[in-house]
Every structure is written in C-alpha cells, then in structure tokens.
Amino acid sequence: MTTHNTIAVSVEAMLYDLRTLVEVESPSRDLDALRESARTVAAVIEGRLGGRAELVESEGGPHVHWSGGGTPRVLVLGHHDTVFPLGTLARRPFLVEGGRVTGPGVFDMLGGLVQAIHGLAALDDLSGVEILVTSDEEVGSRSSRALIEERALACGAVLVVEGAADGGGVKTGRKGCGTFEVSVAGRASHAGLEPAAGVNALVEAAHQVLDIAALARPEVGTTVTPTVASAGTLDNVVPAQATVVVDVRVESAGEKERIEAAFAALAPHLDEAVITVEGSVGRPPMPESSAAELFAVARRLLPGLEGRAVGGGSDGNFTAALGVPTLDGLGAVGGGAHADHEYLLVASMAERAHLVAGLVDAIRRA
C-alpha cells in the first residue's frame with residue numbers, strides 16, 4: 001500500500017547502528033556520557049534520514065529533536081539514557097549470537113530507536129514526522145516533560161518506541177507511577193543507659209511502613225511497595241533519623257489523588273516523632289482509551305498483534321494524559337529490561353521497523 005512495504009530495511013544496517021549506540025554508554029545523570037550519547041544518536045538520525053538533529057540542552061542532559069519539516073503530524077518518542085553505570089559495557093559487551101542481541105540498553109530502548117529510524121528511512125516522504133529522544137526518562141523525565149508535552153500537542157499523535165510487551169505485543173495502557181520518600185525525625189539517646197529518653201525513629205518508621213503498605217488496593221490496580229529503608233548510626237544509639245522509600249503504581253486519576261492525599265496525611269505513632277513526606281505520582285496513568293485508535297491501525301498493519309496494559313511507566317504516560325492519541329511498546333521485541341540478561345530478538349527487527357513506518361504513513365494519510 002505504501003512505500004515502506006516496497007523498500008526492505010536492512011537488518012545488518014540496523015545491527016550496525018545499534019552497536020554504535022550501545023557502545024556509547026549513557027547512564028542517566030552522567031552529563032558527559034549523555035552529551036556523547038546525544039551526539040551519537042543525532043549522527044545516526046542524520047545519517048539515515050538527512051536533515052539536522054538538534055541537541056536541546058537541559059539540566060538532565062541533551063535531548064535530541066529532529067523534524068522532517070512541514071506541518072507536525074506524528075511524534076516518534078524515545079530516550080537515550082539507560083539505567084546501567086559506566087563500565088557495564090566492558091562486562092557485558094554488545095553481542096549478536098543465536099538470534100539474540102545482548103548488551104546494555106539493547107531492549108530498553110536503543111533497539112527501538114534504531115528500528116524506528118530505519119523504518120522511517122523506508123518512507124519516501126518524512127514531512128510531518130518528528131523524533132524526540134530524551135536524556136532523562138529513566139529518572140523521571142523532569143527536564144524533558146515540558147518539551148515532550150509541547151511536541152505531543154503540536155503533532156497530535158505519539159508513537160513510543162519503548163520495548164514491546166511480553167510476547168511482542170504493544171502497550172495500550174500503563175499505570176501511573178511515582179516515588180515517595182518518608183523521613184522520620186526522632187531523638188537520639190544511649191540505647192543502654194537512657195533508651196526512654198530517645199524517640200526511636202526506626203520504630204516509628206516500622207509503624208509507617210505498615211500504614212503505607214496498607215494503602216495498596218490491588219483489586220483496582222494500585223500497588224504501594226516500600227522498597228528502601230535506612231535508619232540509625234551505631235548499635236548502642238537510639239536512632240534519631242530514618243527514611244523509607246516507596247514505589248507507587250495506580251491505574252486511575254482517582255487513585256492517584258487518594259494516594260497522594262494519604263501520604264500527605266501520614267501521622268506519627270510516637271510522641272515527639274516528626275514525619276515529612278516528599279514525592280508524588282509523577283507519571284499520570286495512561287488509559288487504554290488513549291491507544292484505541294492507533295492500536296486499531298496497528299492491528300490492520302500487523303494482524304494478530306496483541307495489546308497489553310502494563311505496570312511500568314514511560315513518557316507516553318505524559319502524552320496520553322494530555323488526550324493525545326498514544327501507542328507504546330512499538331520498539332524492540334525481547335526482554336530483561338534493566339537486567340543483566342537484557343536481550344533483543346533479531347528476527348523481529350524488520351517487522352517492527354515496518355510497523356512504525358506503516359503507522360506514521362497511516363497517521364499522515366488520515
């Protein structure tokens with residue numbers, strides 16, 4: 001039906017570009033590494049699509065923005081930061097073996113970027129297409145959110161090239177997610193001589209953990225999971241300070257509001273203990289309704305394609321919350337995001353590249 005079906009993408013060329021990106025490590029918050037990564041991403045985009053990829057500086061590192069010109073119609077959205085620290089590549093180098101690609105970031109989400117770029121290169125017209133590759137998605141997108149929202153509203157449709165759902169499905173819904181940090185201030189004293197003179201922040205934190213865990217409502221998709229705790233200084237001192245970090249996931253705006261209000265209302269159990277709370281559900285839920293129209297198009301292009309709602313968040317949460325049609329999980333087929341066994345399946349690369357190209361073409365023709 002369109003040019004992307006008549007021009008084959010080269011898996012060999014995609015693997016070449018993927019190696020290029022993977023071998024420039026890009027841990028979130030490492031600004032020097034992110035600058036080099038952004039320059040490399042820009043060079044790959046320019047080499048395959050022409051034009052100029054702009055580096056948008058921010059406190060979270062450079063974002064990469066490219067436009068095919070004309071009236072904006074569709075935004076291809078991804079990120080170039082990864083969760084892996086510098087030195088991971090030496091321990092786990094880029095490798096293609098047995099139909100799998102391994103190496104830091106191949107699935108989340110450098111493979112998806114490469115597939116999208118090569119899919120777009122198979123189109124004879126790129127007007128109306130924008131690509132935005134951000135530098136801080138893995139750490140909350142604080143420096144990129146405004147730009148993401150601006151370009152999503154300008155374009156009117158968003159294709160997120162995060163890794164596919166299990167089995168190769170696309171992601172039609174995502175939970176809203178956030179992190180809270182609960183700090184407890186008590187009072188130190190000698191644990192043997194004057195334990196009662198202190199205010200035990202660790203005991204107070206234990207009460208808070210139980211109260212916080214009870215906020216979960218798994219029957220409506222709300223999970224509230226204490227994940228990191230710290231307290232105390234020495235084994236003979238009543239702890240004066242404690243902190244608890246909590247991961248929260250919600251499926252609805254109402255649950256977001258309930259959870260945020262509940263954290264704000266946390267009260268101490270011990271006299272003279274003081275509770276302070278920071279954080280929020282920073283990524284709003286991505287309702288499945290936001291993906292319905294684009295998913296229907298994807299199913300016509302790739303019959304049998306499954307759509308799944310998942311717990312993890314992405315920058316698609318922001319665009320969907322604005323009411324912009326958003327389809328996620330269009331990137332690499334594989335698994336092991338954020339883990340040492342992260343992998344990408346070579347056999348799916350061409351199909352996913354064509355899927356992105358077909359969606360872009362269909363959106364512009366609508």
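Visitor: In which sense do β8 and strand β13 pair?
Guide: This is a predicted model. In it, strand β13 covers residues 307-310, and 4 bridges join it to β8. Gly173 stands opposite Ala309 in β13. The sense in which β8 and β13 pair is parallel.

Visitor: How many residues of strand β8 are buried?
Guide: Strand β8 spans residues 170-174. It is largely enclosed by the rest of the structure, because the buried residues number 5 of the 5.

Visitor: What is the order of the strands in the open sheet of 4 strands?
Guide: The pairing in this sheet is antiparallel. Its edge strands, each pairing on one side only, are β4 (95-97) and β15 (334-335). From one edge to the other, the order is β4-β5-β16-β15.

Visitor: Which residue in β16 is the bridge partner of Gly334?
Guide: β15 pairs with strand β16 (residues 343-345) in the antiparallel sense, over 2 bridges. In β16, the bridge partner of Gly334 is Leu344.

Visitor: At about what angle does α5 run to β16?
Guide: Helix α5 takes in residues 106-121. It lies across β5 (100-102), β15 and β16. Its angle to β16 is about 35°.

Visitor: Are α2 and α5 oblique or parallel to each other?
Guide: Helix α2 (residues 11-22) and helix α5 have axes that come within 9 Å and cross at roughly 135°. The crossing is right-handed. The two helices, α2 and α5, are therefore oblique.

Visitor: How do the residues of the contact of α2 with α5 divide into nonpolar, polar and charged?
Guide: From α2, the contact is made by Ala13, Met14, Asp17, Leu18, Leu21 and Val22. From α5 it is made by Val106, Leu110, Gly111, Val114, Gln115 and His118. These residues divide into 8 nonpolar, 3 polar and 1 charged.

Visitor: How far apart are the axes of helix α9 and helix α11?
Guide: Helix α9 covers residues 292-301 and helix α11 covers residues 349-365. They pack at an angle of about 125°, and are therefore oblique to each other. α9 passes α11 in a right-handed crossing. The axes are 10 Å apart.

Visitor: How many residues of the contact of α9 with α11 are charged?
Guide: In α9, the residues that meet α11 are Leu294, Val297, Ala298 and Leu301. Their counterparts in α11 are Leu355, Gly358, Leu359, Ala362 and Ile363. The residues of this contact divide into 8 nonpolar, 1 polar and no charged.

Terms used. Residues numbered from 1 in each chain as written. Predicted model: local features only at pLDDT ≥ 70, side-chain atom pairs only at ≥ 80, totals over all residues. Heavy atoms only, no water. Axes fitted to C-alpha atoms, helices over the stretch in contact; angles between N-to-C directions. Parallel < 35°, antiparallel > 145°, perpendicular 65-115°, else oblique. Left-handed = near helix turned anticlockwise from the far one by under 90°. Contact = heavy atoms within 4.5 Å. Nonpolar A, V, L, I, M, F, W, Y, C, P; charged D, E, K, R; others polar. Pairing = 2+ DSSP bridges. Buried < 20%, exposed > 50% of the residue type's maximum accessible area, 1.4 Å probe, protein only.
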